[in-house]
Amino acid sequence: MEIIRTVKEMKEFSSQARRAGKTIAFVPTMGFFHEGHLSLMREGRRRGDPLIISLFVNPTQFGPSEDFKSYPRDFERDRKMAEEVGVDIFFAPEASDMYPPDHQTIVRVEKVTQNLCGRSRPTHFQGVATVVMMLFEIVMPHVAIFGEKDYQQLVTIQQMVRDLHMGVEVVGWPTVREADGLAMSSRNTYLLPEERKAALSLYRSLQKAKELFQKGEKKADRILHEVKGILQSEPLVKIDYVQVCDAHTLQDVDRIEGDVVVALAAYLGKTRLIDNLVYRTL
Ligand code: AMP
């Protein structure tokens with residue numbers, strides 16, 4: 001595995017790989033790897049050669065009062081884990097190289113970013129779209145893999161790629177969970193033991209939603225009532241939002257028809273966690 005630290009060298013490597021007719025697979029990350037990241041990398045390994053990953057804690061996707069400074073970082077651990085999975089290129093650029101002082105262009109995807117997390121994190125998705133656009137220009141992948149865990153992010157990137165006619169195939173990959181069901185997240189490391197226990201209610205509430213879907217429940221408000229009830233029974237959980245949306249437009253729905261997503265965000269102390277369940281009826 002080779003570590004590349006500059007935008008210039010990364011572009012040179014990818015240009016050459018493309019000229020040689022190679023299929024570049026790409027997994028962008030913010031590091032502090034867990035099994036979720038590794039499963040995306042393994043899928044990348046299957047879909048392309050070379051497999052390139054990036055580690056960049058992107059400052060522009062954090063709000064002013066969010067956890068950019070304290071976001072967990074452990075380069076040596078990440079380097080070893082990536083190497084074991086068979087990553088070819090580990091791209092870890094500096095913020096000053098990605099965003100030189102005169103940087104002034106942002107990518108804003110409109111409708112799909114406005115609901116759900118977009119309500120409480122109004123500049124988050126423009127930070128995500130901008131950095132992913134830049135990474136795609138630098139890494140020049142044929143295929144890029146994103147987790148369904150960050151479902152709105154996945155939909156946003158798919159929309160951007162369609163709208164801007166970018167030649168990248170965007171693949172969504174299922175959420176990897178701990179043995180007890182908690183969705184893996186680098187932010188789980190922030191949780192105190194009692195918060196970790198209470199966080200299980202996020203998964204439990206989504207399992208309840210799934211059970212209701214499978215029984216044929218068609219009313220979104222019935223599902224919301226049950227999901228919120230489970231979350232509210234945990235005193236340590238403070239709901240940010242719970243919504244039932246069309247899985248493609250991310251607009252709220254009243255009735256369960258076609259593909260839907262139950263998406264939620266909740267605080268456990270200072271830690272904000274998200275999770276979702278995609279239910280496809282077609
Ligand atoms: P992050 O480092 O948190 O920005 O995540 C990098 C990529 O890994 C994103 O595409 C995430 O959606 C994905 N990811 C994060 N957690 C999980 C998980 N538990 N299962 C699957 N993919 C995940």
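**Salt bridges and the ligand shell**

Searching the whole structure turns up 22 salt bridges (a side-chain nitrogen of Lys or Arg within 4 Å of a carboxyl oxygen of Asp or Glu). Keep in mind that this is a predicted model, where local features need pLDDT of at least 70, side-chain atom pairs count only at pLDDT 80 or more, and totals for chains, interfaces and linings use all residues. Residues are numbered from 1 along each chain as its sequence is written, and side-chain values use heavy atoms, with hydrogens and water left out. Helices (H or I, at least four residues) and strands (E, at least two) are DSSP runs, numbered from the N terminus.

**The network around Arg47**

- Glu43 pairs with Arg47 in a salt bridge, with 2.6 Å between the closest N and O atoms.
- Both residues of that pair, Glu43 and Arg47, sit in helix 2 (residues 35-47), four residues apart, or about one turn of the helix.
- Glu43 is buried at 8% relative accessibility, while Arg47 is partly exposed at 34% (buried means under 20% relative accessible area, exposed over 50%, partly exposed in between, with a 1.4 Å probe and protein chains only).
- Arg47 also has a salt bridge with Glu169, and here the closest N and O atoms are 3.5 Å apart.
- That second pair ties together distant parts of the chain, since Glu169 is in strand 6 (residues 169-173) and Arg47 in helix 2, 122 residues apart.
- Glu169 comes out as partly exposed, at 45% relative accessibility.

**The Asp67 bridge**

- Asp67 and Arg187 form a salt bridge whose closest N and O atoms are 2.8 Å apart.
- This one joins two loops that are distant along the chain: Asp67 is between strand 3 (51-55) and helix 3 (75-85), Arg187 is between strand 6 and helix 8 (193-214), and 120 residues separate the two.
- Both ends are buried, with Asp67 at 15% relative accessibility and Arg187 at 17%.
- Back at Arg47, salt bridges with shared partners connect Glu43, Arg46, Arg47 and Glu169 into one network.

**The ligand and its shell**

- There are 18 residues around the ligand, and Met30, His37, Asp150, Val176 and Met184 come nearest (a residue is near a molecule or strand if one of its heavy atoms lies within 4 Å of it).
- On the side-chain front, an N or O atom of His37 is 2.8 Å from a ligand oxygen, and an N or O atom of Asp150 is 2.6 Å from a ligand oxygen.
- Val176 uses its backbone instead, placing an N or O atom 2.8 Å from a nitrogen atom of the ligand.
- The protein covers 93% of the 490 Å² of accessible area that the ligand has on its own (Shrake-Rupley method with a 1.4 Å probe; for residues, only the protein chains shown count as cover).
- Strand 2 (25-29), helix 2 and strand 5 (143-147) each supply at least two shell residues, and helix 2 gives the most, with three.

**Ser39 in helix 2**

- Ser39 belongs to helix 2 and is buried, at 11% relative accessibility.
- Its side chain makes a polar contact with the side chain of Trp173 at 3.5 Å (a pair of N or O atoms within 3.5 Å; within protein, one must be able to donate a hydrogen and the other to accept it, and residues adjacent in sequence count only if both atoms are side-chain atoms).
- Setting aside neighbours within four places in sequence, Ser39 is in contact with Trp173 and Val176 (heavy atoms within 4.5 Å).
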